[in-house]
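Hi,

Here is the structure I promised to pass on to you. Have a look at it first, and then read on for what turned up.

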Amino acid sequence: ISEEVDSVIAHTQDGGKNWLPQKSGTYYPLREVYFTDAKTGWIVGENGVILHTIDGGENWIHQKSNTPNSLFDVQFLSNIEGWAVGDWGTILHTIDGGTNWEKIEGTIIGDKSLRGLYFISPNEGWIVSYEGYLFHTVDGGRKWDSQYPGLQLELTKVFFADSKTGWIIGDKRTILHTTDGGATWELMTKGSNERHEKDYGQERRMGEEPLHTFMLYDICFTDNQHGWIAGDMGTVLFTDDGGKTWKHQAGCPIKRPGGDVVLLGINFVDNNIGWTVGEFG
């Protein structure tokens, strides 16, 4: 009996009507995918896995990350320059399309568990961590400054629309927003359960556990006004006013066997067409 051990990579060429599996050649969980064009992409995952394709995923080639640490996010600024981050303060940088990945050492980041990264330009980038820290570089990753908003919450993703306007998401429905390039961050999601019970009709199902304690996992904007966030308990949040207000489009609670869906990734190609993916296929 041959067991299916390949981690899943699914591919569509007809707008998602059909999804075909591609061979990943690894059994480690895969965490993030990033394509610079239709043919050229990378995937990172646990145990330092980095996969690369130049033919739209017909073939995925293993690249040497030289780390056993799990990787959680990857971004390429061009077909040759890219970054990946992960556990134990792992920051990897390539300037040759991933043939060689250099580990950035000796920074103030230490052994923090890095979850999300976003580079606005080759010089300026941001990283967020499981421990609730933000790290910022303006010299291409040689030196990093540290910020700690003091929320003591896991941060999962960071995104900048331009050099001034940025977003960070995380646990307990955390949405942080900056309009001054990260000098200050405003917590957009202060508040109690009242509105969730009154306006959204969400029952409390965990005793007094606040309803807004779920984790947000991914964020995308199609322009500076329209954005989406996906998270735990089937949550999809939407803004059409540049993030001043976020409305539920779907979510708590989606009743299904084994509990609610955890949505881990979201991406819109324009203001109408988008995809979200999650656990259990």
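Let me begin with a pair of strands: β23 (residues 263-268) and β24 (residues 274-278) run antiparallel and are joined by five bridges. The connection from β23 to β24 is a hairpin of five residues. If you want a spot to click on, Leu263 stands opposite Gly278 in β24. Please keep in mind throughout that this is a predicted model.

Next, the open sheet. Four strands make it up, in the order β19-β20-β21-β22, and their pairing is antiparallel. At the edges are β19 (216-221) and β22 (247-250), each of which pairs on one side only. Direction ignored, neighbouring strands in this sheet are turned against each other by 25° on average. Between β19 and β20 (residues 227-231) there are five bridges, again in the antiparallel sense. Asp218, for instance, has Ala230 in β20 as its bridge partner.

β19 comes up again in the nonpolar cores. The largest one has twelve residues, including Phe159, Trp167, Ile169, Leu216, Ile219, Phe221 and Trp246. Two elements, β16 and β19, give two or more residues to this core, and β19 provides the largest share with three. There is also a second, separate core of eleven residues, with Ile91, Ile104, Ile109 and Ile127 among them. As background, nonpolar side chains tend to be buried together in soluble globular proteins.

Now to the charged side chains, which may interest you when you think about electrostatics. The count of salt bridges is seven. Three of the pairs are worth opening in your viewer:

- Lys157 and Asp73 form a salt bridge whose closest N and O atoms are 3.9 Å apart. Lys157 sits in strand β15 (residues 155-160) and Asp73 in strand β7, so the pair links distant parts of the chain, 84 residues apart. Both residues are buried.
- Arg115 pairs with Glu154, with 3.8 Å between the closest N and O atoms. Because Arg115 lies in strand β11 (residues 114-119) and Glu154 in the loop between β14 (145-147) and β15, this pair ties together parts that are 39 residues apart in sequence. Arg115 and Glu154 are buried too.
- Asp145 and Lys143 form a salt bridge with the closest N and O atoms 3.4 Å apart. Here Asp145 is partly exposed, with a relative accessible area of 41%, and Lys143 is exposed at 53%.

Lys157 and Asp73 also belong to a network of salt bridges that links them with Glu32.

Finally, a couple of backbone points. Most residues other than glycine have a negative phi. Which residues here have a positive phi of about 55° without being glycine? Asn66 is one of them, and Lys172 is another. Asn66 is placed in the loop between β6 (61-63) and β7 (71-76), while Lys172 is found in the loop between β16 (166-170) and β17 (174-178). As for their surroundings, Asn66 is exposed, with a relative accessible area of 60%, whereas Lys172 is partly exposed, at 41%.

That is the tour. I hope you enjoy looking through it!

Best wishes

Methods. Residues are numbered from 1 along each chain as its sequence is written. This is a predicted model: local features need pLDDT of at least 70, side-chain atom pairs count only at pLDDT 80 or more; totals for chains, interfaces and linings use all residues. Side-chain values use heavy atoms; hydrogens and water are left out. Buried means under 20% relative accessible area, exposed over 50%, partly exposed in between (1.4 Å probe, protein chains only). Two strands pair if DSSP finds at least two bridges between them. Axes are lines fitted to C-alpha atoms, for helices over the stretch in contact, and angles run from 0 to 180 degrees between N-to-C directions. A nonpolar core is a set of buried Ala, Val, Leu, Ile, Met, Phe, Trp, Tyr and Cys residues joined through side-chain atoms within 4.5 Å. A salt bridge is a side-chain nitrogen of Lys or Arg within 4 Å of a carboxyl oxygen of Asp or Glu.
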